[in-house]
Amino acid sequence: MSNHVHMVFRHLANQKDAVVDEKYVITNILYGLKRFSAISCNKVLTRKGAFWQAESFDRLIRDENELERVIQYTLFNPVKASLAEDWQKWPFTYCKPEFLETFT
């Protein structure tokens, strides 16, 4: 999207055999992503200072039906914003192959 990012992911701590490490706490993961992308974007835009809003919107997905709805919303967001005619043609979209069967 031109002014925000959508990301859907499964946290490894939810897996049976996952090792829970403080650096993989969701807030730390998002901090790292926002920090790296802000530095990179500011370089491209030849600017300095804050890039992202201080707060982000997140939600916990509780079941497979909700997961499907959230992925579908995320994939079709560029179409809704008139940035692409088809979500598959939006060059900044990635969807894990196992989820694509539902949307193709």
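Okay, let's start with a question: is threonine 46 buried or exposed? Threonine 46 is exposed, and its relative accessible area is 72%. You'll find this residue in the loop between helix 1 and helix 2. There's something else to look at there: threonine 46 isn't a glycine, yet its phi is positive, at about 45 degrees.

Before I go on, please keep in mind that what you see is a predicted model.

There's a second spot with that backbone feature, and that's serine 82. Again not a glycine, and again with a positive phi, here of about 60 degrees. Serine 82 sits in the loop between helix 2 and helix 3, and helix 3 covers 97-100. With a relative accessible area of 64%, serine 82 counts as exposed, because that is over the 50% cut-off.

Now the overall picture. The protein chain has three helices and zero strands, so if you read along the sequence you get α-α-α. The chain has 104 residues, and 18% of them count as buried. About 9000 Å² of the chain is exposed, with carbon and sulfur atoms supplying 55% of that. And if you take the contacts with a separation of 6 or more, 39% of them come from residues 24 or more positions apart.

Let's go inside. The largest nonpolar core has six residues: Leu67, Ile71, Leu75, Trp87, Cys95 and Phe99. Helix 2 gives the largest share of this core, with three residues.

Staying with helix 2, which runs over residues 64-80, have a look at glutamate 66, which is found in that helix. Glutamate 66 counts as buried, because its relative accessibility of 11% is under the 20% cut-off. What does glutamate 66 form a salt bridge with? The partner is arginine 59, and the closest N and O atoms are 2.8 Å apart. There's also a backbone partner: a polar atom of the glutamate 66 side chain lies 3.1 Å from the backbone nitrogen of arginine 62. And leaving out residues up to four places away in sequence, glutamate 66 touches Arg59, Leu60 and Ile61.

Further along helix 2 we come to asparagine 77. Asparagine 77 is buried too, at 6% relative accessibility. Its side chain makes a polar contact of 3.3 Å with the side chain of histidine 4.

Back to salt bridges for a moment. How many does a search of the whole structure find? Two. You've met the one between glutamate 66 and arginine 59. The other joins glutamate 98 and lysine 96, where the closest N and O atoms are 3.4 Å apart. Here both partners are partly exposed: glutamate 98 has 47% relative accessibility, and lysine 96 has a relative accessible area of 43%.

Last stop, the surface. Val5, Met7, Phe9, Ile26 and Leu33 form a nonpolar patch there, and together they have about 440 Å² of accessible area. Take methionine 7 from that group. Methionine 7 lies in the segment before helix 1, the helix that spans 26-44. Why does methionine 7 count as partly exposed? Because its relative accessible area is 47%, which falls between the 20% and 50% cut-offs.

So that's the tour, from the loops to the core and back out to the surface. Thanks for listening!

Note on methods
Residues are numbered from 1 along each chain as its sequence is written. This is a predicted model: local features need pLDDT of at least 70, side-chain atom pairs count only at pLDDT 80 or more; totals for chains, interfaces and linings use all residues. Side-chain values use heavy atoms; hydrogens and water are left out. Patches are made of residues with over 30% relative accessible area and no salt bridge: like charges are joined within 9 Å, nonpolar side chains (Val, Leu, Ile, Met, Phe, Trp, Tyr) within 5 Å. Accessible areas come from the Shrake-Rupley method with a 1.4 Å probe; for residues, only the protein chains shown count as cover. A salt bridge is a side-chain nitrogen of Lys or Arg within 4 Å of a carboxyl oxygen of Asp or Glu. Helices (H or I, at least four residues) and strands (E, at least two) are DSSP runs, numbered from the N terminus. Buried means under 20% relative accessible area, exposed over 50%, partly exposed in between (1.4 Å probe, protein chains only). A polar contact is a pair of N or O atoms within 3.5 Å; within protein, one must be able to donate a hydrogen and the other to accept it, and residues adjacent in sequence count only if both atoms are side-chain atoms. A nonpolar core is a set of buried Ala, Val, Leu, Ile, Met, Phe, Trp, Tyr and Cys residues joined through side-chain atoms within 4.5 Å. Contact means heavy atoms within 4.5 Å.
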